[in-house]
Amino acid sequence: MNVAIVGASGAVGQEFLKVLEQQNFPVDELRLFGSARSAGRSYSFKGKDYIVEELCDNDAFKTIDVAFVSAGGDTSKRYADTITRYGAVMIDNSSAFRMDDDVPLVVPEVNGDDALTAPRRIIANPNCTTIQMVVALAPIDRLSRIKRVHVATYQAASGAGASAMAELEEQSRAISEGRQPVVEKFAYQLAYNVIPHIDVFQDNDYTKEEMKMFFETRKIMHSPEIEVSATCVRVPVLRAHSEAIWVETEEPVTVDAARNAFASAPGVVLIDNPQQKQYPMPLFAADCDPVYVGRVRRDISNDRGLTFWTVSDQIRKGAALNAVQIAQHMFAKGYFNR
């Protein structure tokens, strides 16, 4: 397959290169694209160097089969026609097309076959927090339909990009050296702090990030009636988001049944032995592929409720890995042989 990466110099773009190699994705030709500022940079893939080309409205995508795009919503909207004009599939990591009716929003473990029907040849990669959550929700939903979800997220600096990760490291260094930390990427200092504010506030006082979890979960799970209420919080962790999740199902689901479902679910690794202090943590989930689940227990406030804890690497499963898995699913289903 002929593959393009748009936004190759960014944190997710760099992760695409790693994931494609680690997943042994069938790459025949690779093209890297970026802004005028990034053009000319060189990156290695499978021992060969590739030069970043400036993204322009031209015929550069004429031979491309699939383009992984992570360059921001404005860029995605501006260049979607350029990328898909000659038949390339655009798997987009921004929020530009996620809620469009004619653009599938896909997490392969949950609704992979939705990717096979993409009339605009655009497939949206969901928000990182939503991906992580629905991978964990799906095994429970198969036991009994989920009616309601409450979630509190603990989101790493990686969710705001490589420069945000660098800012957290520099703030920690400055504080340890007695200097005043510089704040640029976040509303407040993130080091030694948590910030209950991710993305812009909406009219209902939820943030856009929180409302993404509401709307995207409904679309991915084909469940327009599921209720989702989220509070999204930035925490001083470099990589890997955590989520505390409470679910209410139509029929009661036992803890043992839930644990068994998690243990056998694709994309999930169960780490749940509280007596031995075994549970998922971002310290050990960074640079790893799965969604880790633990602290599974009955919600003592709800007879049909369960609560559990999840951790997953935001840059991998929350972005680059999920996009590559979409393409892998399409490839396995023969989509690119049409």
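Here a colleague asks a modeller how the descriptions of this predicted model are reached.

Colleague: Let's start with the whole protein. What makes it as compact as a globular protein of its length?

Modeller: The protein has 9 helices and 13 strands. Its radius of gyration is 20 Å, close to the 20 Å that the globule rule gives for 338 residues, so the protein is as compact as a globular protein of that length. Along the principal axes, the C-alpha trace spans about 60 × 60 × 40 Å. Buried residues make up 53% of the 338 residues.

Colleague: Why is Cys 128 called buried?

Modeller: Buried means under 20% relative accessible area. Cys 128 has 9%, so Cys 128 is buried.

Colleague: And why is Cys 56 called partly exposed?

Modeller: Partly exposed lies between the 20% and 50% limits. Cys 56 has a relative accessible area of 29%, so Cys 56 counts as partly exposed.

Colleague: How do you know that Cys 128 is in no disulfide?

Modeller: A disulfide needs two cysteine sulfur atoms within 2.5 Å. For Cys 128, the nearest cysteine sulfur belongs to Cys 232 and is 8.7 Å away, so Cys 128 is in no disulfide. By this rule the count for the model is 0 disulfides.

Colleague: What makes Asp 287 and Lys 18 a salt bridge?

Modeller: The cut-off is 4 Å between a side-chain nitrogen of Lys or Arg and a carboxyl oxygen of Asp or Glu. In this pair the closest N and O atoms are 3.7 Å apart, so Asp 287 and Lys 18 form a salt bridge. The pair links distant parts of the chain: Asp 287 is in the loop between α8 and β12, Lys 18 is in helix α1, and they are 269 residues apart. Both belong to a network of salt bridges that also includes Glu 15 and Arg 239.

Colleague: Why is Asp 287 called partly exposed?

Modeller: Asp 287 has 44% relative accessibility, and partly exposed runs between 20% and 50%, so the label fits. Its partner Lys 18, at 35%, counts as partly exposed by that rule.

Colleague: How do you know that Arg 259 forms a salt bridge with Asp 256?

Modeller: Their closest N and O atoms are 4.0 Å apart, and the rule asks for within 4 Å. These two residues both lie in helix α7, 3 residues apart, about one turn of the helix. Asp 256 has 54% relative accessibility, and exposed means over 50%, so Asp 256 counts as exposed. Arg 259, at 25%, is partly exposed. By the salt-bridge rule the count comes to 29.

Colleague: What makes the span of helix α5 close to the expected one?

Modeller: Helix α5 has 15 residues and reaches 22 Å from its first C-alpha to its last, close to the 21 Å expected at 1.5 Å a residue. Among its buried residues are Ala 164, Met 165 and Leu 168. After α5 comes Gly 178, with a positive phi near 80°.

Colleague: One last point. Why can Tyr 279 be part of a surface patch?

Modeller: Patch residues need over 30% relative accessible area and no salt bridge. Tyr 279 is at 31% relative accessibility, so Tyr 279 passes the area cut-off. Together with Met 281, Leu 283 and Phe 284, Tyr 279 makes a nonpolar surface patch of about 430 Å². You can find Tyr 279 in the loop between β11 and α8.

Conventions:
Residues numbered from 1 in each chain as written. Predicted model: local features only at pLDDT ≥ 70, side-chain atom pairs only at ≥ 80, totals over all residues. Heavy atoms only, no water. Patch = residues over 30% accessible without salt bridge, like charges linked within 9 Å, V, L, I, M, F, W, Y side chains within 5 Å. Areas by Shrake-Rupley, 256 points an atom, 1.4 Å probe, with all protein chains shown as cover. Helix = DSSP H or I, 4+ residues; strand = E, 2+ residues; numbered from the N terminus. Buried < 20%, exposed > 50% of the residue type's maximum accessible area, 1.4 Å probe, protein only. Expected span 1.5 Å × (residues − 1). Rg over C-alpha atoms; globule rule 2.2 N^0.38 Å.
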